[in-house]
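Ready for a few exercises? Have a go at each task before you read the solution under it.

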Amino acid sequence: MLNSGRLQLLSLLDTLGTVRAVADTLHLSASTVSQQLAVLETETRCRLLERTGRRVRLTPAGLLLARRGREILDRMAETEAELRALNDEPIGTVRLGVFQSAIYTLAVPAATRLATSHPHLHVELAEMEPHESGPALRSGEADVIVTTTDYSGLSWGEDLEVVSLGTDSVVLVLPRAHPLASRTAVSLAACKEETWACDRPQSYMADLTLRLCREAGFEPRVACRFSNYLMLLLRHVETTGSIALLPALAVTPDHAVLTRELSPPVRRRVAVVVRRGSTRRAAVNAVIAALRDHPELPALAAPDRHPGRAEHPPAP
């Protein structure tokens, strides 16, 4: 008889690569994880792991069971949800992974409304960059993600369901007294002498900023790199005279900054993504509905009718 908890350990080991990473994710000790995996080998009568130095890797049998295990765990969750949904009440925990600019504009308001409308449903929020949320969804670390479907690093296969939320402009963020503020739209070529505030290296927005500046013929002169848009990056623009590229969703009215459209415009598609079949869970459906029923946000007012096209697609 396969144990669901041990199947989860094996599946996470396949995704995360090390026993330590699995232990940290589940707040267990590494020795506990190792002992449970040894029990799983005994239960299955198969060698699932082999040591290479100080690390372990999955054998072919281990890989097979890890990947089948994810399917089994999802099916179990679906079955439990179907039983609970006999009363048509969303209950349990839904893990929601969201990129930073959508946390306070979309995810927190949705979770707040759900806490009132469905008191037995718990939404667990986690900030996740697009390159993090896709793997987390497939591994089961997240049940629902809000991401951009323009991110080329994630394959959108038949195992995923995509629900469009709309499009979000990438805008130029300026101090209020900046000379470029007199324009309604700004070509990045006009910004080659500016000082830039940027996201962390290799993040979605840092890569996009670098690529767009290079396409405009210059390397951006970066003054700072902050992962926090609201408290640090916008504050830097506000107080030092630097400029930045940010999603429109990230720019809140409580900062002394202005935004200007780019010429040509750059927009990203924003969507809710779930594993196929998980929408049978009433709890997952409730979270999707709450995210779609957001307060008026101009950038997301009209869902994209062409999810396969981008006005300014990311480089492969």
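Before we start, a word on axes: they are lines fitted to C-alpha atoms, for helices over the stretch in contact, and angles run from 0 to 180 degrees between N-to-C directions. Keep in mind too that this is a predicted model.

**Exercise 1.** Work out how the axes of α2 and helix α3 (residues 30–44) are placed, and which residues make the contact.

*Solution.* Start with the axes: those of α2 and α3 come within 8 Å and cross at roughly 110°. Next, put a word to that angle. Anything from 65 to 115 degrees counts as roughly perpendicular, so α2 and α3 are roughly perpendicular to each other. Now look for the residues that touch. From α2 you get Val 19, Arg 20, Val 22 and Ala 23, and α3 brings Ala 30, Val 33 and Ser 34. Sort the residues of this contact of α2 with α3 and you find 5 nonpolar, 1 polar and 1 charged.

**Exercise 2.** Do the same for helix α1 (residues 4–16) and helix α2 (residues 19–26): how do their axes cross?

*Solution.* The axes of α1 and α2 come within 9 Å, crossing at roughly 120°. That makes α1 oblique to α2. As for handedness, α1 passes α2 in a right-handed crossing. On the α1 side, the contact is made by Gln 8, Leu 9, Leu 12, Leu 13 and Leu 16, and on the α2 side by Val 19, Ala 21, Val 22, Thr 25 and Leu 26. Split by type, the residues of the contact of α1 with α2 are 8 nonpolar, 2 polar and no charged.

**Exercise 3.** One pair of helices is left: find how α1 and α3 cross.

*Solution.* Their axes come within 9 Å, and the crossing of α1 and α3 is at roughly 110°. α1 and α3 are therefore roughly perpendicular to each other. Among the residues that make the contact are Leu 9 and Leu 13 of α1, along with Val 33 and Leu 40 of α3. The full set for the contact of α1 with α3 divides into 7 nonpolar, 1 polar and 2 charged.

**Exercise 4.** Track down two backbone details: where are Arg 45 and Pro 264 found?

*Solution.* Arg 45 is in the loop between α3 and β1 (49–52). Check its backbone: phi of Arg 45 is near 60°, a positive value in a residue other than glycine. Pro 264, for its part, is in the loop between β11 (257–262) and β12 (267–275). Step back to the bond leading into it, and you'll see that the peptide bond from Ser 263 to Pro 264 is cis, with omega near 0°.

**Exercise 5.** Which residue lies over the face of Phe 99?

*Solution.* Go to the ring centre of Phe 99 and look 4.3 Å away: Arg 268 lies over the face there.

Terms used
Residues are numbered from 1 along each chain as its sequence is written. This is a predicted model: local features need pLDDT of at least 70, side-chain atom pairs count only at pLDDT 80 or more; totals for chains, interfaces and linings use all residues. Side-chain values use heavy atoms; hydrogens and water are left out. Helices (H or I, at least four residues) and strands (E, at least two) are DSSP runs, numbered from the N terminus. Angles under 35 degrees count as roughly parallel, over 145 as roughly antiparallel, 65 to 115 as roughly perpendicular and the rest as oblique. A crossing is left-handed if the near helix is turned anticlockwise from the far one by less than a right angle, and right-handed if clockwise. Contact means heavy atoms within 4.5 Å. Ala, Val, Leu, Ile, Met, Phe, Trp, Tyr, Cys and Pro count as nonpolar, Asp, Glu, Lys and Arg as charged, and the others, Gly among them, as polar. A charge sits over a ring if NZ of Lys or CZ of Arg is within 6 Å of the ring centre and within 35 degrees of the ring normal.
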